[in-house]
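Trainee: Please take me through one part of this model at close range, and set that part against the whole before you describe its neighbours.

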Amino acid sequence: MRDAARRPRLEAASPFELRVDLGHRIPETGVRAAIASGDVGFLHSFTTGATVDGPGVRLVAWTSGCMWRCRYCHNPDTWAVTNGIPVSVARATEQLRKYRQGLNMMAGGFTLSGGEPLMQHRFAVKLFAAAKELGIHTALDTNGFYGARLTDAELEQVDLVLLDIKGWNAERHTALTGMDNAPTLEFARRLAGRKRAMWLRYVLVPGLTDDLDDIAHIARFAVTLGNVERVDVLPFHQMGKYKWAELHLPYTLPDTEPPDAQLVERTLEVFRREGLRAH
Ligand code: SF4
């Protein structure tokens, strides 16, 4: 009883709750072993009721661990794996079981987001298998960099991939995220080849990711894939700004405003011109 009371709360009101060091007691070797087996994963939190991370109402598990360093990241507390709560597959499955009926009633499902979920791909695969076993729709929100870690059979457990494409121009993408976008684009092609449903997500930041030519390249690429069911343009906001300060990280966008309605509309139009459904 006392242990349960001491266990960190899995549920959070939103992923914008700052969480740090919840897995710090696990030695480095334990972290590595957990990641290799996938029997235990590190989660920032679970949130319920989300309606933007896949169809219907979603239960979202936010993993900790991300190797990218996006300048606009809203959740830099998810970068370190050990900021997350160590959670066994059995405990996570309990959560899925608890919400199963409601999720199915609301035509929703389970979304694994992060951080970058494929940093813990063995855990991700086990969670998706558990969700499918319970008859729950599954979605993976990923930057795609480690998409090659999933086998074709494992991909079959994922009903929908929410693929974040953060930029087309390779140099600018690296300046924005610290990483190359080629693996992400390759994963998109693979998903298309395997006819896996995909939603493309694009974070729109004034002065940083609002180059309409660059966006047009992404739109043309997306339409050639043939599996992109919709595009979500996600307007930048400052809800994660305080986390950068709390974590003593250098934040380069302290004065950047969210995009105005006209910029959002112009961006949506770039995707719609190619015949894509964009929101
Ligand atoms: S990929 Fe996502 S979690 Fe990782 S740094 Fe970028 S925005 Fe943050």
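Mentor: The radius of gyration is taken here over C-alpha atoms, and the globule rule is 2.2 Å times the number of residues to the power 0.38. For 279 residues that rule puts a compact globule near 19 Å, and the protein, with a radius of gyration of 18 Å, agrees with it. The model is a predicted one, in which local features need pLDDT of at least 70 and side-chain atom pairs pLDDT 80 or more, while totals for chains, interfaces and linings use all residues. Residues are numbered from 1 along each chain as its sequence is written, and side-chain values use heavy atoms, without hydrogens or water.

Along its principal axes the C-alpha trace spans about 55 × 40 × 35 Å. The protein has 10 helices and 8 strands, which are DSSP runs (H or I over at least four residues, E over at least two) numbered from the N terminus. Of its 279 residues, 53% count as buried, that is, under 20% relative accessible area, with exposed over 50% and partly exposed in between (1.4 Å probe, protein chains only). Among contacts (heavy atoms within 4.5 Å) with a separation of 6 or more, 74% are between residues 24 or more positions apart.

The part I would look at closely is strand β2, residues 58-63, which is largely enclosed by the rest of the structure because 6 of its 6 residues are buried. In a regular strand the side chains alternate between the two faces of the sheet. In β2, Arg58, Val60 and Trp62 point one way, whereas Leu59, Ala61 and Thr63 point the other way, and each of these residues is buried.

Strands pair if DSSP finds at least two bridges between them, and β2 has two such partners to consider. With β1, residues 40-50, β2 runs antiparallel, and 6 bridges join them; within this pairing Leu59 of β2 is the bridge partner of Thr48. With β4, residues 109-113, β2 runs parallel, joined by 5 bridges, and here Arg58 stands opposite Gly109 of β4.

Strand β7, residues 197-204, offers a useful parallel reading, for 8 of its 8 residues are buried and the strand is mostly covered. One side of β7 carries Ala197, Trp199, Arg201 and Val203 and the other carries Met198, Leu200, Tyr202 and Leu204, and both faces are covered. Its pairings are parallel: 5 bridges join β7 to β6, residues 160-164, where Leu160 has Ala197 as its bridge partner, and 7 bridges join β7 to β8, residues 228-235, where Met198 stands opposite Val228.

Two residues outside these strands help to place them. Thr256 lies in the loop between α9 (241-246) and α10 (261-273), yet Thr256 is buried, with a relative accessible area of 17%. Beyond its neighbours within four places in sequence, Thr256 is in contact with Val205, Pro206, Phe236 and Gln238. Glu265, in helix α10, is partly exposed at a relative accessible area of 41%. Glu265 also gives a distance back to our strand: from C-alpha to C-alpha, Glu265 and Leu59 are 29 Å apart in space, with their positions 206 residues apart in sequence.

To return to your request, β2 is a strand with 6 of 6 residues buried, set antiparallel to β1 and parallel to β4.
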